[in-house]
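Please open the model in your viewer and keep the sequence panel at hand. The tour begins with the whole chain and then moves to a few backbone sites.

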Amino acid sequence: MSIYQNIGLRRVVNASGRVTVLGVSTFSDRVARASVEGGQSYVVIEDLMTRAGELISRHTGAEMSCVASCASAAIALTVAGLVTKGRYTDMMRLPDSSGLANEIVIQKGHSVNYGAPIPTMIRLGGGVPVEVGQANEVCPADIEEAINERTVALLYVKSHHCVQKGMVDIETMRDIAHAHGLPLMMDCAAEEDFRKYVALGADIVCYSGAKALEATTSGFVTGKREYVQYVQPQYHGIGRAMKVGKEQIVGLLEALDQYEERDADAEVAANVAKVDYLVEELGGIKGLRAEKIADEAGRAIYRCRVTLDDEAPEGLTMEAVNGELRSGDPVIWARTEFLNLGKLDFDPRPLNEGDKELIVERLRQIMEA
Ligand SMILES: *Cc1c(COP(=O)(O)O)cnc(C)c1O
């Protein structure tokens, strides 16, 4: 029995991925131990934050970094830093930024909801989101012509949630930003490469700690000193509402070390084997079709996609199948991004021992009922 079952909650079979609605990820014993130890003694928090920033930078190759309570907080604090640029009285009146340069230019196809809207995080930091172009098409001119004396940064969101076609690429956005003396800020919350975008010349990049890193609930900002230096001071202002605990910080640092030492190829191979199992077994159930698909955002993630075929019971919909999976005990939680198109996706990464067999058994029961 898990601690959640002990208080009367259902066990979860997570076939969805690192999603906030299910608690994002689970951490290893190693990360747990670090976090417990961190929680059991005092430390000068300002020193811990500064040191954590130095250690994070070793993993990202950037000049400077700062911890945050999650990637959303990292975005808000970054914007707050870019708007206030270290001016004390401006920092103390955030999120009111009236009269200050505060505009963040973002492509319309990047203005997404990842569980909460990106523009909300910009506004939380005192920023004003300026969406440019159309949802399915943005030109460099849309970005260029939106820049004015109130602009403080361009924001590129690297995510499977974004429109993947018709957008201006990172390099072009970086060049436009730099030509205007502005920073390119990136939201890379769910990305798995902690060096790539810094190396590409992005000036300030936000990551989540609990997603790819499987750390304690946390996040961080990493990039050029010129911009990152304004982030940590925000903890004396709006950042107080996004407080990051000492136990979260040391958990994040341990997870970064752990991530560097992992065998990424072996992990991908193990996940592909689970997907192959699901494709084979689920595809064998009367009424279901199953196939292996790759991640929309190009990460090394493979999933099993299930759809109904001609042999499915008359009138049965994928929505109804998903409803059955969600209402059972244990609850089986698949990805529903394309459910409106009749597609249900299973992510193998968060599955525990015995989970994939349980998914097959439940779907067989549902299809035979
Ligand atoms: C998950 C996500 C976030 C937020 O990350 P948290 O750590 O949960 O705050 C921000 N942006 C994108 C694109 C995400 O996928």
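Begin with the solvent-accessible surface of the chain in this predicted model, which exposes about 17,100 Å², with carbon and sulfur atoms supplying 50% of that area. If you then colour by relative accessibility, buried residues make up 50% of the 369 residues in the chain.

Next, switch to a C-alpha trace and orient it along its principal axes, where the chain spans about 65 × 55 × 35 Å. The radius of gyration is 22 Å, which agrees with the value near 21 Å that a compact globule of 369 residues would have. In a cartoon view, the chain shows 14 helices and 12 strands. If you draw the contacts between residues at least 6 apart in sequence, 70% of them join residues at least 24 apart.

Now select the charged groups: the chain carries 39 positive and 54 negative charges, and the mean positions of the two sets are 3 Å apart.

The remaining stops concern the backbone. Most residues other than glycine have a negative phi, and most peptide bonds are trans, so the sites below are worth selecting one by one.

**Two cis peptide bonds**

Select L94 and P95, and display the backbone atoms between them: this peptide bond is cis, with omega near 10°. P95 itself lies in the loop that runs between helix 5 (88-93) and strand 3 (103-107).

Then move along the chain to D329 and P330, which are likewise joined by a cis peptide bond, here with omega of about 0°. The loop to display around P330 is the one between helix 13 (318-327) and strand 11 (331-334).

**Two positive phi values**

Return to the loop between helix 4 (71-84) and helix 5, and select K85 there. Although K85 is not a glycine, its phi is positive, at about 45°. Is this residue buried, exposed or partly exposed? K85 counts as partly exposed because its relative accessibility is 35%, which falls between the 20% limit for buried residues and the 50% limit for exposed ones.

For the final stop, select E214, which is found in the loop between strand 7 (204-208) and strand 8 (219-223). Which sign does its phi have? Phi of E214 is positive, near 50°, in a residue other than glycine. With a relative accessibility of 28%, E214 therefore also counts as partly exposed.

Terms used. Residues are numbered from 1 along each chain as its sequence is written. This is a predicted model: local features need pLDDT of at least 70, side-chain atom pairs count only at pLDDT 80 or more; totals for chains, interfaces and linings use all residues. Side-chain values use heavy atoms; hydrogens and water are left out. Helices (H or I, at least four residues) and strands (E, at least two) are DSSP runs, numbered from the N terminus. The radius of gyration is taken over C-alpha atoms; the globule rule is 2.2 Å times the number of residues to the power 0.38. Buried means under 20% relative accessible area, exposed over 50%, partly exposed in between (1.4 Å probe, protein chains only). Contact means heavy atoms within 4.5 Å. Accessible areas come from the Shrake-Rupley method with a 1.4 Å probe; for residues, only the protein chains shown count as cover. Lys and Arg count as positive and Asp and Glu as negative; His and the chain ends are not counted. The place of a charge is taken as NZ of Lys, CZ of Arg, CG of Asp or CD of Glu.
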